[in-house]
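I sat down with a coffee and a fresh page to see how the strands and the core fit together. Here is what I looked up, in the order I did it.

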Amino acid sequence: MPWRCRGVACRRPPYDVKTGVGKRRPYARQCVGTAQREIGVRLHRYVLAVAWIFVLPASTALAQATIEGRVILPKTRATPVVNQRYEIIAKGGVLSTNPPLAVVYLEGSFPKPAVPAVAQLTQKGLTFIPSILPIQIGTKVEFPNLDDTYHNIFSFSPPKRFDLGRYRSDEKPVPSQTFDVAGLVTLRCDIHEHMRALILIIDSPHFVMTDPDGNFRLTGLPPGRYTLKAWVDSRTTREHAVELSRDTALRVDFP
Ligand SMILES: [Cu+2]
């Protein structure tokens with residue numbers, strides 16, 4: 001009687017290896033039908049996986065809310081922003097960026113990321129890049145030195161006090177710090193008096209920097225009641241209560 005493939009079951013030896021009971025069949029012959037069937041099954045799974053990767057997030061994104069608007073920024077002399085380089089200035093004990101910009105974020109209760117984020121704040125051309133870095137609580141920030149000279153970064157700010165000591169560009173691993181407390185950290189360099197940067201540690205994964213005109217757009221927001229905040233300088237944070245449902249597209253302006 002000719003042997004007939006019986007599907008997935010025939011992947012196993014058709015005889016008992018230990019006792020030798022049963023008739024051994026050539027593996028190639030035995031598995032032709034199964035192989036064809038398995039290609040079909042795998043193709044089907046592949047198509048489903050592709051659909052899962054591309055279609056599902058698209059539909060999920062559609063079900064999430066968006067907030068856009070404008071923060072009216074403090075007036076200043078018109079300084080062109082070259083390569084997003086902002087200067088950090090201290091005026092009467094208030095730290096801000098020059099030209100001014102704001103960081104807009106959604107405050108609420110959000111699940112912590114499974115894997116903590118990693119960000120970088122480099123030292124290049126004797127400046128910090130970027131000069132202001134918003135991060136979520138728990139983020140590890142690396143501080144690579146891209147200059148041919150030493151830097152010595154330190155912070156006296158309450159959310160994170162540290163002193164990285166002097167190090168050059170070939171320092172491995174790249175010196176880093178993890179920021180676990182919300183607030184504002186001012187970075188300085190012990191060697192270069194003029195170097196200054198800000199790290200804004202936010203208890204939210206939903207944040208964005210405005211453009212130089214104050215425009216912002218937050219996308220992929222989950223439904224719920226939150227406080228939308230706009231950090232303008234170390235003493236000024238504006239806020240606005242928002243209620244988001246699926247597909248909400250809100251406009252919020254901070255006067
Ligand atoms: Cu320095």
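**Strands first, then the core**

I began with strand 5 and strand 9 (residues 140–142), which pair in the parallel sense over 3 bridges. Keep in mind that this is a predicted model. For one bridge I checked Gln-120, and its partner in strand 9 is Glu-142.

Next I followed the sheet outwards. Its 3 strands run in the order 5-9-12, the sheet is open, and the pairing is mixed. Strand 5 (118–120) and strand 12 (176–178) are the edges; each has a single partner strand, so one side of each has no neighbour in the sheet. I noted an average twist of 25° from one strand to the next.

Then I turned to another open sheet of 3 strands, with order 16-1-19 and mixed pairing. Here strand 16 (215–221) and strand 19 (249–254) are the edge strands, pairing on one side only. The twist averages 20° from strand to strand. Strand 1 (residues 65–71) meets strand 16 in the antiparallel sense, over 5 bridges, and I found Leu-221 of strand 16 as the bridge partner of Ala-65.

Which residues have the most contacts inside the largest nonpolar core? I wrote down Val-71, Ala-102, Val-104, Ile-199 and Leu-200, in a core of 39 residues. Strands that supply at least two residues each include strand 1, strand 4 (103–107) and strand 16, while strand 14 gives the most, with 6 residues.

Last, I looked around Val-104. Leaving aside neighbours within four places in sequence, its contacts include Val-71, Phe-207, Phe-216 and Leu-228.

Technical notes: Residues numbered from 1 in each chain as written. Predicted model: local features only at pLDDT ≥ 70, side-chain atom pairs only at ≥ 80, totals over all residues. Pairing = 2+ DSSP bridges. Helix = DSSP H or I, 4+ residues; strand = E, 2+ residues; numbered from the N terminus. Axes fitted to C-alpha atoms, helices over the stretch in contact; angles between N-to-C directions. Core = buried A, V, L, I, M, F, W, Y, C linked by C-beta atoms within 7 Å. Buried ≥ 20, exposed ≤ 12 C-beta atoms within 10 Å, placed from the backbone. Contact = placed C-beta atoms within 7 Å.
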